[in-house]
Amino acid sequence: MASKGDPVYQIFSFHDCKTSPDPIFDLPAQCQTPVPAPVPIVIDNGSFQTRAGWAAPAAEFESPRLLFRSVAARSRGAARSETQIGNDIPNLEPLRWLLKSQFDRNVVVNFEIQELIFDYVFTHLGITSEGSVAHPIVLTEAPCNPLHCRQMMSELLFECYRVPYVSYGVDSLYSFYHNNAQRNLQPPHTGIVLSSGYHCSHILPVINGRLDAVNCKRVNVAGSQAASYLQRLLQLKYPGHLAAITLSRVEELLHEHSYTAVDYQEELEKWRSPEFYEREVHRMQLPFSGKVPGGCVSVEERHERRAQQLRRLQEINARRREEKLLQDQERLDRLMAVQELLEDGLLDQFHKSLVELNMDSAEELQSYINKLQLAVEQGRQRLLLSDGAEGKAEVSELEQPMDEGDGVALMDPDFPEDTLPEKPANVVQPVFNLAEYHQLFVGTERLRCPEILFQPSPTGEDQMGLMETLQFVLARYTPEQQEALVSNVFLTGGNMQYPGMKERVEKELLAMRPFQSHFKVTMASRPALDAWYGARDWALEHLPTEGGAVAEGWISRQDYEEKGGEYLSEHCASNVFIPIKIAKPVPARPTEPSVAPLTSNGASAAVTTVT
Amino acid sequence: MASQIPITVRAPPAAASSAALRGKKRPGSPAVCAAPPANGSSNSGKKKKGQPTATQTTQAQITAVEAVAEVKAVGTADSAATATTESTAKPPPFKDPTFMHSGIGGAAAGKKNRTWKNLKQILALERTLPWKLNDPNYYNIDALPSLKPTKKYSDISGLPANYTDPQTKLRFTSSEEFSYIRLLPTDVVTGYLALRKATCIVP
């Protein structure tokens, strides 16, 4: 087919950004004075990124001071002390196996690492006060956070850091209120929040300013699942570049080269055509590695090598056996000759030869002869058997499947046949394009990975996708409530930043809603950061007052001690609190080691004995 | 790069005497680290693998950042021994030095309870609490399995797949894809099936 002019190839390279360490900020002057009220610290504790900053009205505090990945690199043993957190790690990839996060899915479970993260945050914000952090803390938590986790978090904040007040809220709801305020909608707000983070995506209906937690739903597909799916797809397509396809590069691919199709089936049909493929495929140029193709050992090659080694061993053994047989035979002949001497009656010679052979009597000679005869017999039999077996083994080894192919493997069926293959098979190609060998062709993967949010089935998840869950949630309301909810559909979260996401949600909503009904979909202005901004706005509006009435939404030290760590003070952006008391596992104080085992046993028995 | 930020970096915080610090032992302390001494030479030697900030411009910034970055109380005797070669190890001042997490079982629980509960265990414990029927909690709000039949997509190209290879059970859309599938080594085939969670069909 004639191509008009030069084909335009989109070749990109990986940025592989390195983070630089955060500076330790000075404590701002207005944050030092506890009068009129201490300035709250707002921490958006996300499973991907932690954002922290002050909640002060001045312009310099408008954006979060700290933004870092919520990971700590801890190695074992002697190097345990050199823990690096967040932006102290310039490149995550060399330390990938040491990285630990305090999160399990979107819930904090490891409070040691959470303590490290808090230390990092407070140190870098410039706090040097002795014995306590004298600022109220606004912290985000997961929707319907388990009580145990909240208890542990409250314990950490109140007992370790001696914080005066703590407020917990859901990050997507903070984002919702921030954007509603920006659009000048009057509270109380009603709407439905679709939030997609790093580990989970949520559907949160908000009615009259409060989260309707009974009807919330969570889909366990989000950014990290898309990243690992894309990584596996590329690694299976390019087994030679297994090590070069790192999670950081894959995340870069998702952030910069992926998009959501408005109509998935239609978009896939477009990708069938070779011209579209050529234009739209993103060729990611990997750095030159010097590794020749064919260096990768496939399973068949390993089998072949093992079979060869076995054959060699067998040959050696057979040769050794033959030699031993010959030796035995010779010795037997000599002994037989000596025995004949005896029979012939040449006693002197017989005795002389016995002495040479180091034997004492004729009986010993006889026994030696018998033993040797047995050995020779066995050796001969084994030779016969092994000859037969070797013949069979050789035949079976030849039959071993060695389907290496012709050396030309078509990468993509849509690719026209006259172009060079991007991935040569294990047999080395004599002439091929070195640059193309080091390119990753990211075609339909750009489309498939964000799609798993709507159709989780390619990854094996059998949960409903985001829009199907939305339909399920809406069906639990009356039609009037549905109208109210759907008139303010709000998209937020880092995973919602693919181009085309808003149009896709609008199109699917149009398909679900009754004919000619109205709905409105808005995307957050800064989907990843808006949770922090919303929490800051909330904190500025609801400052806890000193002494006396505490503003709604804050948990004071007294509340913590009276009502337990799992207590939550509800507010417009928080979870719903179900007052169930859970027993607190008693920590073993270092001063009373004898008492601790008893009390901890009692506490654990009270909690439960679930196997 | 850090010099562009017009923020004054503090001098290393005044450290209490090392002897007094080592008296405040925290066996459960998560980060055990010793701050480097003020002199630069042993700084770069010791901290080269730990701190990537060696590339920064000013030496003062290096010492300041490194001194405060991970500074904790010295917990175990081993790290106390190594800390003697370096200088003071100081916990951040805003913490309670005798705090211990209750969730980890405490030192008295012995070797058994050293790990944190993971989410599955926490949820199992939560299930046993006296929830009422409609109360929302973490596992209640999990989305249901899908009610719609799944669409089949090709494992190789992602286009809608109408055919399945009986030998490898991979899905494909065209004959070129089929020939490509037939040339794949077995580990790649297993990889594609594992991606779809379709391996090991129990007969």
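This report describes two helix pairs and one buried residue of chain A, followed by the make-up of chain B.

The model is predicted: local features need pLDDT of at least 70, side-chain atom pairs count only at pLDDT 80 or more, and totals for chains, interfaces and linings use all residues. Residues are numbered from 1 along each chain as its sequence is written, chains are lettered from A and ligands numbered from 1 in the order in which they are written, and side-chain values use heavy atoms, with hydrogens and water left out.

**Helix pairs in chain A**

Two packed helices are described by the angle between their axes and the distance between the axes. Axes are lines fitted to C-alpha atoms, for helices over the stretch in contact, and angles run from 0 to 180 degrees between N-to-C directions. Helices (H or I, at least four residues) and strands (E, at least two) are DSSP runs, numbered from the N terminus.

| Helix pair | Axis angle | Axis distance |
|---|---|---|
| α2 (residues 111-125) and α3 (residues 147-160) of chain A | roughly 45 degrees | within 11 Å |
| α5 (residues 223-237) and α6 (residues 247-257) of chain A | about 110 degrees | 9 Å |

Angles under 35 degrees count as roughly parallel, over 145 as roughly antiparallel, 65 to 115 as roughly perpendicular and the rest as oblique. α2(A) and α3(A) are therefore oblique to each other. Their contact (heavy atoms within 4.5 Å) involves A:Phe111, A:Gln114, A:Glu115 and A:Phe118 of α2(A), and residues of α3(A) including A:Met152, A:Met153 and A:Leu156.

α5(A) and α6(A) are, by their angle, roughly perpendicular to each other. Among the residues that meet are A:Ala226, A:Leu230 and A:Leu234 in α5(A) and A:Leu247, A:Val250 and A:Leu254 in α6(A).

**A:Glu155**

A:Glu155 lies in helix α3 of chain A. A:Glu155 is buried, at a relative accessible area of 1%; buried means under 20%, exposed over 50% and partly exposed in between (1.4 Å probe, protein chains only). Apart from neighbours within four places in sequence, A:Glu155 contacts A:Cys160, A:Tyr560, A:Lys584, B:Phe99, B:His101 and B:Ser102. From A:Glu155 to A:Glu566 the C-alpha to C-alpha separation is 9.3 Å, although 411 residues separate them in sequence.

**Chain B**

Chain B contains seven helices and two strands, in the order α-α-α-α-α-β-β-α-α from the N terminus on. Of its 203 residues, 46% count as buried. Among contacts in chain B between residues at least 6 apart in sequence, 41% link residues at least 24 apart.
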